[in-house]
Amino acid sequence: MRILFALPGFHAQDRGAEVALLSVARELARGGDEVTVMGGGPERPGETYRFVHVPIIDRRKFEKWLQFPPFRSDVMWEDATFAASLLTRYSPRDYDVAITCNFPFSHLALRRPTTGQEPLQIFVTQNGDWAARSDKAEFRLFRCDGLVCTNPDYQEANKDRWPTALIPNGIDIARYDGVAPDRAGLGLPEGVPIVLMVSAMIDTKRVADGIRAVAKLPNAHLVVAGDGPLRADVDALAAQMLPGRFKRLTLTAPDMPRLYASADAFLHMSLLESFGNVFVEAMASGLPIVGHDTPRLRWIVGDRDTLCDTENLDAVADALKRALATGRGAQDPRSDEFAWPKIAEKYRAFLTELLDRRKAG
């Protein structure tokens, strides 16, 4: 198959969606498919796929810009700059399949008219399924030939409207197995319990509430890996509530296993994630997990007494105490089910099914 993955953050950022889709692209290329990746960053040596640089204006430059439909956030502004450049570099006839998780601009650019047969349009619900199931505003423009649902809720909500496949995100298991702690190398304190959050600095990630919860544990230190428009607010609140017990980092993907290995417990405060790669990374690192108790999260991590109502900060603090008392363990066997080769095979099977259906019909 000739497969295109397109997203502005490819090779520019190592966020959840970028890491997930690049991992799928890499595995599909290893399996013999002809894979092209288009993104806003520079080429990275040694990748299995072909990379095409597509210029973007980074979302951080839009953090204070006016927001209105369809420019609802800095992310949308960035996506619009990517889509404009994409139109000059993307030839639909060169691909059998085009994949993105951004709507509306990347999605619409990939659907631009062409002579001959257009590639199958595959949308991945990395950032939610609202575009796939809403008929309001710009979402009325959404169309796809296949919808990859990253959790069972999305599958149930969309299976009668689009061809769907339930395919979670994954992980490179070997990168997290047996990694030694490196607090000194990461600039983290020794001899203290460390709670780790891996989150973008945006409202839905509730990093501020994570700070408030950890502040209830006198000896715990909070480390947050991530960036975003609320970084100044997060830093100011941490200086007030966790003086000397807080550190914010921005690391590349290769450094993340060392960070997980250097923590004692993992905390994630989002009320509902499309999937949450970070949970699988924490499982693969043997960390106890504190998160918002939902069927979707239990589908990923199993039943744990450290899942709680994270809107109750006292409950979060109690769950963190239990997690820190339990401490790090061996790699969770559940994480093996999310290994990237297994996930890529599910993508390949879904794409092959859709292409065969097109040929037959």
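**Exercise 1.** Which polar atom lies 3.1 Å from the backbone nitrogen of Met1? Work out the setting of that residue too.

*Ground rules.* This is a predicted model, where local features need pLDDT of at least 70, side-chain atom pairs count only at pLDDT 80 or more, and totals for chains, interfaces and linings use all residues. Residues are numbered from 1 along each chain as its sequence is written, and side-chain values use heavy atoms, with hydrogens and water left out.

*Solution.*
- Step 1: the partner is a polar atom of the side chain of Asp33.
- Step 2: find Asp33 in the loop between α1 (16-30) and β2 (34-39). Helices (H or I, at least four residues) and strands (E, at least two) are DSSP runs, numbered from the N terminus.
- Step 3: Asp33 has a relative accessible area of 12%, so Asp33 counts as buried (under 20%, with a 1.4 Å probe and protein chains only).
- Step 4: skip the neighbours within four places in sequence, and Asp33 is in contact with Met1, Ile3, Leu28 and Arg348. Contact means heavy atoms within 4.5 Å.

**Exercise 2.** Say what lines the second largest cavity.

*Solution.*
- Step 1: a cavity is a set of points on a 1 Å grid over the protein atoms alone where a 1.4 Å probe fits but can't get out, and lining residues have an atom within 4 Å of a point.
- Step 2: list the lining, which is Ala98, Ile99, Thr100, His107, Leu110, Gln121, Ile122 and Phe123.
- Step 3: place them: β4 (97-100), α3 (105-110) and β5 (120-124) each supply at least two lining residues.

Note on methods:
Buried < 20%, exposed > 50% of the residue type's maximum accessible area, 1.4 Å probe, protein only. Polar contact = N/O pair within 3.5 Å; in protein donor to acceptor, adjacent residues only side chain to side chain. 1 Å grid on protein atoms, 1.4 Å probe; cavity = no way out; pocket = protein on both sides within 12 Å on 5 of 7 lines; lining within 4 Å.
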